[in-house]
Amino acid sequence: MFEASALQRKNNPITTGIHLGSIGRIICQKDYEYLIEVFSSLKKIIDREIYLSIGGVGPLKNTLNQLIEKLDLERNVKLEGHITRKELPIFLSNIDIYIQSSCTESAPITIKEAMAASLPIISTDVGGISEVIINGKTGFLIPYGSKKKFIKGLVQLIDMEPKKKQELGFKAREYA
């Protein structure tokens with residue numbers, strides 16, 4: 001059941017669906033509101049259970065909780081709170097796809113950490129992210145603001161053959 005925290009699940013990841021995850025400060029620049037809206041639209045068109053965990057703290061936590069409630073996503077979206085350095089490998093090992101939804105960014109360490117964990121990554125193409133991700137080779141870059149393209153990219157990644165998804169993660173790790 002998703003109600004259990006990703007950190008409590010440790011090596012017992014969700015097996016009934018796809019688990020997406022992101023880490024960052026809960027601030028405007030990370031645009032988790034956009035991510036939650038994309039997730040809500042994605043949930044309506046995917047025929048499998050999907051879950052989203054967001055690790056981090058910040059001033060927009062209440063706003064995100066209200067949006068999660070408004071979109072009736074309490075069962076599928078979890079704000080995990082602060083993830084320590086020690087907890088980070090556990091968090092990353094419990095997700096299937098890493099997502100970065102920033103509207104502005106330099107070259108986020110969290111993307112590099114997800115790459116080092118061999119995760120397939122999808123991110124908005126802002127700031128220095130394109131210097132970290134090679135589109136189509138080490139992850140997918142989506143123009144910021146295009147929910148339709150973000151959803152299409154997520155569907156493509158979710159539906160990708162497991163072996164190809166694994167290769168994408170391995171290439172990301174090599175590049176990192």
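1. Let's start with the largest pocket of this predicted model: it holds about 360 Å³ of space. Its lining counts 17 residues, and I23, G24, R25, R85 and T110 are the ones that lie nearest the centre. Helix 5 gives the most to this lining, with 3 residues. By character, the lining of the largest pocket has 6 nonpolar, 6 polar and 5 charged residues.

2. The second largest pocket is worth a look too, with about 280 Å³ of space. Among the residues that line it are I95, D96, L119, P120, M160 and F170. Helix 7 (residues 162-175) supplies the largest share of this lining, 4 residues. Here the lining splits into 8 nonpolar, 2 polar and 2 charged residues.

3. Now to the sheet. It is open and parallel, with 6 strands in the order 3-2-1-4-5-6. Strand 3 (77-81) and strand 6 (140-142) form its edges, each pairing on one side only. From one strand to the next, the twist averages 20°.

4. Do follow the pairing of strand 1 (residues 17-23) with strand 4 (residues 97-100): the two run parallel and are joined by 2 bridges. On this pair, L20 stands opposite I97 in strand 4.

5. Two helices that pack on the sheet deserve a mention. Helix 2 (residues 32-45) touches strand 1, strand 2 (49-55), strand 3, strand 4 and strand 5 (121-124), and its direction makes about 170° with that of strand 2. Helix 5 (residues 109-116) touches strand 1, strand 4 and strand 5, with its direction at about 165° to that of strand 4. You will recall helix 5 from the lining of the largest pocket.

Notes: Residues numbered from 1 in each chain as written. Predicted model: local features only at pLDDT ≥ 70, side-chain atom pairs only at ≥ 80, totals over all residues. Heavy atoms only, no water. Pairing = 2+ DSSP bridges. Axes fitted to C-alpha atoms, helices over the stretch in contact; angles between N-to-C directions. Contact = heavy atoms within 4.5 Å. 1 Å grid on protein atoms, 1.4 Å probe; cavity = no way out; pocket = protein on both sides within 12 Å on 5 of 7 lines; lining within 4 Å. Points joined across faces, edges and corners; volume = space filled by probe spheres on them. Nonpolar A, V, L, I, M, F, W, Y, C, P; charged D, E, K, R; others polar.
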